[in-house]
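Here are some exercises to work through with the model open beside you. Try each task before you read its solution.

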Amino acid sequence: MYTITLIPGDGIGPEISEAMIKVVEATGLKINWDLQNAGEEVYLKEGNPLPERVLESIKKNKIAIKGPITTPVGTGFRSVNVTLRQALDLYACVRPCKSFKGVRTRYENIDLVIVRENTEDLYAGIEFKKGEKDTLDLIDFISSKSGKKIREDSGISIKPISVFGTERIIKFAFEYARKNGRKKVTAVHKANIMKYSDGLFLEVARDVASRYPDIEFEDKIVDNMCMQLVQKPELYDVLVLPNLYGDIISDLAAGLIGGLGLAPGANIGDEYAVFEPTHGSAPKYKGLNKINPLAIILSAVMMLRHLNEFDAAMKIEKAISEIIQEGKFVTYDMKSPNDSTPPVGTQEMAEALAKRIKSY
Ligand code: NAD
């Protein structure tokens, strides 16, 4: 019996979590879900969107699965998702993007893994608001040290990239490649422009790569990487990126395999692991029983593999593959325009998967 922290999240989070539980439990595994709420409703009640009890639960159980949590734009609290990754030092975000046969996409046979650094870069949360005294002091300081003028009505976000943070994420990418029989790691950056942040990332990446002669290494500038992924995605294998580029390229790669509804993810540190889909809380679909639950279900598959529950993981993947190819019990986003049969809802898709898994 496992005890796993479950954070359903908000927006479509609770409904996809319910679907995920149905599918995981159909494998026969006994799981005690330690339910923990976080996000806006908790913020309104308790004044903190990520109360200490949520972090304590993950620290105790070592493993969690979560639905998406809405981040207010510009105002309100900081992203719970980013705070969680930083608080538990979940420094590696792993997002596999693999084609399933039968999914309507422009590409076939995509098999990419995005490894995104999760704690540094412009997402470190070090920001200075326009017009505040500290911001004006910082502007003065920068001007005195660099001779560069920053306009006084600027807001500032800081982009730290360290040797420590880079070394461990690059190592993680190479270790992942070795463990999973992957052939090549591509480091993605903009070192030609940001010499001291991305430049450092590249320098450290080259150094770490020299310790893994069995795995091919190359680097690509991020804008070129975007074009390459659209034109020749089959040339790439494991991509390792700083936080911001990792976030953006993850969505691009999700687009290659049929959209966010199919893109799972894991946030992994040395002590804890939190599994979550790549997509957000899609508020306009909240409560409609329409959204595709596969991204969180595939995140659960990653979680089961992390727990060495390979048989249960394999059964879920087999059921997903069959259900997709049959095309009957799938949500709206997976229906082709010339298919006249109606899509099913989130829970109906999960029930079809659960029934299939129980039949194996
Ligand atoms: P989103 O991923 O929530 O949705 C964008 C669009 O993608 C949706 O409107 C829908 O058309 C499609 N989509 C997303 N998930 C889908 C699914 N499971 N099945 C089918 N289609 C799907 O992105 P957004 O609108 O930019 O973000 C909404 C909120 O979620 C924001 O507050 C954002 O900060 C937050 N967010 C949270 C996380 C997280 O919890 N880790 C990640 C990304 C965004």
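A salt bridge here is a side-chain nitrogen of Lys or Arg within 4 Å of a carboxyl oxygen of Asp or Glu. The structure is a predicted model, in which local features need pLDDT of at least 70 and side-chain atom pairs count only at pLDDT 80 or more, while totals for chains, interfaces and linings use all residues. Residues are numbered from 1 along each chain as its sequence is written, and side-chain values use heavy atoms, with hydrogens and water left out.

**Exercise 1. Find the salt bridge of Lys-335 and describe how buried or exposed each partner is.**

Step 1: the side chain of Lys-335 meets that of Asp-339, with 2.9 Å from N to O.
Step 2: apply the burial classes, where buried means under 20% relative accessible area, exposed over 50%, and partly exposed in between (1.4 Å probe, protein chains only).
Step 3: Lys-335 has a relative accessible area of 8% and is buried, whereas Asp-339, at 29%, is partly exposed.

**Exercise 2. Work out which parts of the chain the salt bridge between Asp-247 and Arg-116 ties together.**

Step 1: the N to O distance in this pair is 3.5 Å.
Step 2: Asp-247 belongs to helix α9 (residues 243-256) and Arg-116 to strand β5 (residues 111-117), so the bridge ties together parts that are 131 residues apart in sequence. Helices (H or I, at least four residues) and strands (E, at least two) are DSSP runs, numbered from the N terminus.
Step 3: Arg-116 is buried, at 2% relative accessibility, and Asp-247 is partly exposed, at 23%.

**Exercise 3. Place the salt bridge between Asp-137 and Lys-133 in its secondary structure.**

Step 1: the closest N and O atoms of the two residues are 2.8 Å apart.
Step 2: both residues lie in helix α5 (residues 133-146), 4 residues apart, which is about one turn of the helix.
Step 3: Lys-133 is exposed, with 60% relative accessibility, and Asp-137 is partly exposed, with 37%.

**Exercise 4. Count the salt bridges and name the members of a network.**

Step 1: the rule gives 26 salt bridges.
Step 2: Lys-318, Glu-322, Glu-326 and Arg-356 are linked in a network of them.

**Exercise 5. Locate Glu-276 and list side-chain partners in its polar contacts.**

Step 1: Glu-276 sits in the loop between β12 (273-275) and α10 (294-306).
Step 2: Glu-276 is buried, with a relative accessible area of 6%.
Step 3: a polar contact is a pair of N or O atoms within 3.5 Å; within protein, one must be able to donate a hydrogen and the other to accept it, and residues adjacent in sequence count only if both atoms are side-chain atoms.
Step 4: the side chain of Glu-276 makes such contacts with the side chains of Arg-85, at 2.7 Å, and Asn-267, at 2.9 Å.

**Exercise 6. Identify polar partners of the ligand and say how much of the ligand the protein covers.**

Step 1: a backbone N or O atom of Thr-71 is 2.9 Å from a ligand oxygen.
Step 2: a side-chain N or O atom of Lys-66 lies 3.4 Å from an oxygen atom of the ligand, and one of His-279 lies 3.3 Å from a ligand nitrogen.
Step 3: on its own the ligand has 820 Å² of accessible area, and the protein covers 70% of that. Accessible areas come from the Shrake-Rupley method with a 1.4 Å probe; for residues, only the protein chains shown count as cover.
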